[in-house]
Amino acid sequence: MSRAARRYLRTILLGTFALAALVWMAVDQFGVSQEEMLELTLVTGLVVLLVIALAGTAALVWIGLRKLLRGDEGPQ
């Protein structure tokens with residue numbers, strides 16, 4: 001495994017552990033119920049998927065408009 005790949009893997013693992021510690025602190029120290037944390041996690045995931053879908057749609061519209069306004073000048 002290359003040095004860059006090890007750094008990338010280490011960064012991903014440290015970020016995951018930091019997120020897990022943050023969730024644990026919210027549940028344990030501040031009295032947030034596990035059901036509420038699960039609900040917040042699911043809602044956050046849905047919002048992320050919605051943003052990705054909107055960005056993809058915007059990119060498709062942008063590309064379509066460029067091709068429409070520019071004319072189809074593909075290979076002939």
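Colleague: Does Val27 count as buried, partly exposed or exposed, and at what relative accessibility?

Modeller: In this predicted model, Val27 has its place in helix H1, which covers residues 3–28. Buried would require under 20% relative accessible area and exposed over 50%. Val27 therefore counts as partly exposed, its relative accessibility being 25%.

Colleague: Which residues is Val27 in contact with, once its neighbours within four places in sequence are left aside?

Modeller: The C-alpha atom of Val27 is separated by 33 Å from that of Ala55, a residue 28 places away along the chain. With the neighbours within four places in sequence set aside, the contacts of Val27 are with Val32, Gln34 and Met37.

Colleague: What is the relative accessible area of Met25, and where does its C-alpha atom stand with respect to that of Leu60?

Modeller: Met25 is also found in helix H1, and Met25 is partly exposed because its relative accessible area is 33%. Leu60 lies 35 residues away from Met25 along the chain, and the separation of their C-alpha atoms is 41 Å.

Colleague: How many residues does helix H2 have, and what does it reach from its first C-alpha to its last?

Modeller: Helix H2 runs over residues 34–70, and just after H2 comes Gly71, which takes a positive phi of about 90°. At 1.5 Å a residue the expected reach is 54 Å, and the modelled helix is close to that value. Helix H2 thus has 37 residues and reaches 54 Å.

Colleague: Why is the chain described as more spread out than a compact globule, and what is its radius of gyration?

Modeller: The chain holds two helices and zero strands. For 76 residues the globule rule gives 11 Å, and the chain is well over this, so it is more spread out than a compact globule, with a radius of gyration of 21 Å.

Colleague: What percentage of the residues in the chain is buried?

Modeller: The C-alpha trace spans about 65 × 40 × 10 Å along its principal axes, and the accessible surface comes to about 7,100 Å², with 71% of it belonging to carbon and sulfur atoms. Of the 76 residues in the chain, the buried ones make up 3%.

Definitions and conventions. Residues numbered from 1 in each chain as written. Predicted model: local features only at pLDDT ≥ 70, side-chain atom pairs only at ≥ 80, totals over all residues. Heavy atoms only, no water. Helix = DSSP H or I, 4+ residues; strand = E, 2+ residues; numbered from the N terminus. Expected span 1.5 Å × (residues − 1). Buried < 20%, exposed > 50% of the residue type's maximum accessible area, 1.4 Å probe, protein only. Contact = heavy atoms within 4.5 Å. Rg over C-alpha atoms; globule rule 2.2 N^0.38 Å. Areas by Shrake-Rupley, 256 points an atom, 1.4 Å probe, with all protein chains shown as cover.
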